[in-house]
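User: I would like to learn how to read the fold of a protein model, starting with the whole chain and ending with one strand.

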Amino acid sequence: MPPSTVPEPCVLVIFGASGDLTARKLVPALYELDQRRQLPDGLCVLGVSRTAMTDDAFRDRMRESVSNHAHAFDADRYAAFARRLHYFAGDAVRPEAYPSLARRIESLGAERRIARAQGGPNVLFYLSVAPELYEPIVANVGASGLVTEGKRWCVIDPAATAWQRIVVEKPFGTDLATARSLNRALGRVFEEDAVYRIDHYLGKELVQNLLVMRFANSIFEPIWNRDAVHSVQMTAAETIGVGARAGSFYDGAGAIRDMIQSHLLQVLALVAMEPPPRYEADAIVREKIKLFSAAKIAASPEEAASWGVLGRYGAGPDGPAYADEAGVDPSRRTETFAAMRVEFDNWRWAGVPFFVRTGKRLAAKLTEVVVQFREPPTAIFRGVRGLGDGCSPNRLVINVAPREGISLELRGKVPGAGLRIASAALDLDYVERFGGEPIEAYGPLLLDAMRGDRTLFKHRDEVEGGWSIVQPFLDPGPLRERIATYAPGSWGPAEADALIEASGCRWHNSSG
Ligand SMILES: NC(=O)c1ccc[n+]([C@@H]2O[C@H](COP(=O)([O-])OP(=O)(O)OC[C@H]3O[C@@H](n4cnc5c(N)ncnc54)[C@H](OP(=O)(O)O)[C@@H]3O)[C@@H](O)[C@H]2O)c1
């Protein structure tokens with residue numbers, strides 16, 4: 001179904017309503033949308049979790065988190081917003097809970113006058129529970145008869161027929177096999193275009209900026225290929241360690257699952273994919289899937305070991321070594337740093353290495369993409385002062401966070417007598433130039449789901465394509481056996497420098 005231009009009213013059923021994500025992100029984002037009058041009139045939220053609570057108790061609980069996490073809290077405005085919030089206490093893993101859940105959804109649809117002629121109100125399910133509950137909940141939703149869209153023999157008027165969609169939080173599987181299993185479970189109940197695999201990292205700003213930079217300008221595309229590009233690197237660095245999150249989540253995931261598979265490969269796809277024919281979800285997703293299908297997959301754990309480096313931070317003045325953090329099981333061999341080389345075997349990129357690295361307790365907090373261009377084909381300035389002093393060939397640095405912008409590094413003549421060459425950058429800081437404030441990613445993504453716009457959500461083939469690329473780096477083998485220790489505040493283990501230097505490149509270690 002093509003996206004509608006306005007968000008459509010629905011019952012937003014949040015599984016995991018008493019949890020952290022609902023309190024810190026989802027409900028504050030909805031409150032902010034409501035304040036900007038961006039929510040459709042009839043929209044209401046039905047929070048579901050096992051904790052016993054009345055609607056009013058849920059509203060009070062959310063009041064506190066909205067006042068802590070939303071911009072500009074106002075008590076009267078919250079009171080008006082809170083009328084949209086409702087609660088259903090039930091165990092979503094047990095099929096017995098669903099008949100009364102279905103009746104509650106139906107009565108909310110009737111109360112708020114949003115029921116469609118066929119199929120009750122539109123329903124947007126949101127899975128904000130632990131990932132091991134995704135499959136049982138999806139199966140129960142399917143068995144309960146709550147999903148009617150696409151299941152009827154004859155739809156008389158699609159505009160009058162209710163839709164049901166589902167938003168699935170990350171992590172989307174823990175490896176290729178579990179991601180496939182979850183995709184199959186979702187596919188048994190929902191059409192693929194009703195599944196919204198969320199990636200909050202892939203906020204609208206980032207995706208739109210990258211696409212606009214590449215495809216609304218004509219100067220980049222002719223040089224965006226192996227003829228002009230020497231290599232591409234992406235870094236997502238954090239200065240903090242895992243702290244209290246370790247035991248509960250991070251130690252079971254690690255840097256590859258937490259950052260590379262889920263986020264960085266998506267950014268990489270936007271940088272490397274072919275131009276889509278239109279700015280539309282289906283067109284963009286087709287290009288991303290095509291790109292992933294051209295990725296060279298390490299054929300064995302030995303090959304993965306020569307394409308990747310894993311590390312763990314050691315002890316420093318600000319905290320213990322990763323292995324000594326609370327909740328960490330050192331025998332799991334979880335990495336807090338990963339660097340890998342990725343290549344795409346297609347006409348545009350054959351032979352161009354893409355390096356991806358991410359880590360905790362590194363020297364700076366930043367996310368950036370660096371496109372390193374080749375040396376000019378002739379060296380008429382060989383021997384000129386400046387050229388040999390690390391003055392690199394052209395480089396485009398795309399700053400994704402903390403401040404969005406781009407910087408194009410050029411070589412120029414230093415004014416004055418004699419010939420001396422130095423690097424200088426043309427900088428564009430998006431916020432300084434265009435104004436505006438960063439937008440919390442959840443609000444726009446929720447609105448997109450209500451509009452049926454999947455541009456910023458992941459397709460099942462895209463998720464599986466990403467897992468196929470990283471799976472050899474996760475499998476047991478020599479790479480996991482030799483996890484290096486790196487100093488906190490550094491740029492990771494020396495082995496990561498060797499990995500990139502083998503291709504004649506160096507990491508762009510900016511200070512952030
Ligand atoms: N928190 C974040 O910032 C964040 C960021 C990105 C992604 N995520 C993802 O979002 C999901 C939720 O994370 P979270 O941090 O909010 O987890 P959480 O704080 O542990 O919340 C889990 C929720 O699930 C509910 N629940 C557990 N078993 C249930 C059952 N059988 N039936 C109904 N509800 C049940 C819990 O409530 P009861 O105990 O009352 O049932 C609670 O509301 C996870 O998949 C996580 O990976 C979270």
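Analyst: The turns below go from the whole chain to one strand and its neighbours. This is a predicted model, in which local features need pLDDT of at least 70, side-chain atom pairs count only at pLDDT 80 or more, and totals for chains, interfaces and linings use all residues. Residues are numbered from 1 along each chain as its sequence is written, and side-chain values use heavy atoms, with hydrogens and water left out.

User: How many helices and strands does the protein chain have?

Analyst: Helices (H or I, at least four residues) and strands (E, at least two) are DSSP runs, numbered from the N terminus. Here the protein chain has 16 helices and 17 strands.

User: What share of the residues counts as buried?

Analyst: Buried means under 20% relative accessible area, exposed over 50%, and partly exposed in between, with a 1.4 Å probe and protein chains only. Of the 512 residues in the protein chain, 54% are buried.

User: Is strand 7 mostly covered or exposed, and which way do its residues point?

Analyst: Strand 7, residues 164-168, is mostly covered, with five of its five residues buried. Gln164, Ile166 and Val168 point one way, while Arg165 and Val167 point the other way.

User: Which strands pair with strand 7?

Analyst: Two strands pair if DSSP finds at least two bridges between them. Strand 6 (residues 123-127) pairs with strand 7 in the parallel sense over five bridges, and Tyr126 stands opposite Val167. Strand 8 (residues 195-197) also pairs with strand 7 in the parallel sense, over three bridges; there the bridge partner of Val167 is Tyr196.
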